[in-house]
Amino acid sequence: MTASAKMASILKLCAVLFVAVSLCSVSADPDLLQDVCVADYASEVKVNGFACKATFNATDFSSEALAKPGLTNNSMGSLVTAANVQKIPGLNTLGVSLSRIDYAPDGLNPPHTHPRATEIVFVLEGELDVGFITTANVLVSKSIKKGEIFVFPRGLVHFQKNNGKVPAAVIAAFNSQLPGTQSIAATLFAATPPVPDHVLTKAFQVGTKEVEKIKSRLAPKK
């Protein structure tokens, strides 16, 4: 191999390694540029996240939001309690957040996605059937119990169901200060303004009456 050919091979290998390292270092949120940037909820400055407060203290970095079980007396039998940047201003620019999810017996955290984060759950109590669906329409699922962990990749539709006879609970961690949540059913059938009926009837291969029935059940309570 000539010297020029060897150099070309080395440069190609360097390029591949550079791309690989770059991809591995990508996080869900942008990297912070200073020690802290405590969210200033009162600021009128619009940025990707929140503007920084001039002063801060320990209370900006702490919360008791997840200390108590959430009330699950709703139609789904579950409740998500978030501990994100909207609740803890010190999380601004740090790229992490938590949630607590409580499930009544037979409770469901319905199919949904997090467009800005991967999620990992740790079971505090009970047992759950969990799963996600890949973009190739493959269901990846299993049952998990107290002390076990399951990961839901960023952006993929996923769910958790308590098929047990006792309440269950998990702590969920995200690699974003505000992962965002889109519940599939509510997004399609309870959007404002509404998704046209002809779109939904075509997509789900059902009649208008069925679509209107689902919309009425998922409509926000007034």
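In what order do the 5 strands of the open sheet stand? In this predicted model, the order of the open sheet is E1-E2-E9-E4-E7, and the pairing is antiparallel. Strand E1, which spans residues 78-83, and strand E7, which spans 149-152, stand at the edges with a single partner strand each, so one side of each is left without a neighbour in the sheet. From one strand to the next, the twist averages 25°.

The pairing of E4 with E7 can be followed in more detail, since the two strands run antiparallel and are joined by 4 bridges. Within this pairing, Phe122 stands opposite Ile149 in E7.

## Strands E5, E6 and E8

Strand E5 covers residues 127-133, and strand E6 covers residues 139-145. The strands E5 and E6 pair in the antiparallel sense over 7 bridges, and in this pairing Ile133 has Leu139 of E6 as its bridge partner. The hairpin that E5 and E6 form has 5 residues between the strands, and in this hairpin Asn137 takes a positive phi near 65°. Strand E5 is also joined to strand E8, residues 157-161, by 5 bridges, and these two strands run antiparallel as well; here Phe132 finds its bridge partner in His158 of E8.

Glu127 lies in E5, and, when neighbours within four places in sequence are left aside, Glu127 is in contact with Ile144, Lys145, Lys161, Asn162, Asn163 and Ala168. Val140, which is found in E6, counts as partly exposed because its relative accessibility is 32%, a value that falls between the limits of 20% for buried and 50% for exposed residues. Not counting residues up to four places away in sequence, Val140 touches Val130, Gly131, Phe132, Thr134 and Phe150.

The following table gives two C-alpha separations.

| Residue pair | Separation along the chain | C-alpha to C-alpha distance |
|---|---|---|
| Val140 and Phe152 | 12 residues | 9.6 Å |
| Glu127 and Pro105 | 22 residues | 9.9 Å |

## The annotated residues

An unreviewed UniProt entry carries the annotation "binding site" for Asn109, His114 and Glu119. Of these residues, Asn109, His114 and Glu119 are included in the lining of the largest pocket.

Is Asn109 buried or exposed? Asn109, which lies in strand E3 (residues 108-113), counts as buried because its relative accessibility is 9%, and the limit for a buried residue is under 20%. Apart from residues up to four places away in sequence, Asn109 touches Ser78, Val80, Ile101, Tyr103, Phe159 and Gln160. With Gln160 there is also a polar contact of 2.8 Å between the two side chains.

His114 lies in the loop between E3 and strand E4, which spans 119-125. With a relative accessible area of 5%, His114 is buried. What does His114 touch, residues up to four places away in sequence not being counted? The residues in question are Glu119, Arg154, Gly155, His158, Phe174, Pro179, Gly180 and Thr181, and among them Glu119 is covered by the "binding site" annotation in the UniProt record, while His158 is the bridge partner of Phe132 in the pairing of E5 with E8. In addition, the side chains of His114 and His112 are joined by a polar contact of 3.4 Å.

How values were computed: Residues are numbered from 1 along each chain as its sequence is written. This is a predicted model: local features need pLDDT of at least 70, side-chain atom pairs count only at pLDDT 80 or more; totals for chains, interfaces and linings use all residues. Side-chain values use heavy atoms; hydrogens and water are left out. UniProt positions are given in the numbering used here, feature names are shortened, and annotations may be inferred rather than shown by experiment. On a 1 Å grid over the protein atoms alone, a cavity is a set of points where a 1.4 Å probe fits but cannot get out, and a pocket is an open set with protein on both sides within 12 Å along at least five of seven lines; lining residues have an atom within 4 Å of a point. Buried means under 20% relative accessible area, exposed over 50%, partly exposed in between (1.4 Å probe, protein chains only). Contact means heavy atoms within 4.5 Å. A polar contact is a pair of N or O atoms within 3.5 Å; within protein, one must be able to donate a hydrogen and the other to accept it, and residues adjacent in sequence count only if both atoms are side-chain atoms. Two strands pair if DSSP finds at least two bridges between them. Axes are lines fitted to C-alpha atoms, for helices over the stretch in contact, and angles run from 0 to 180 degrees between N-to-C directions.
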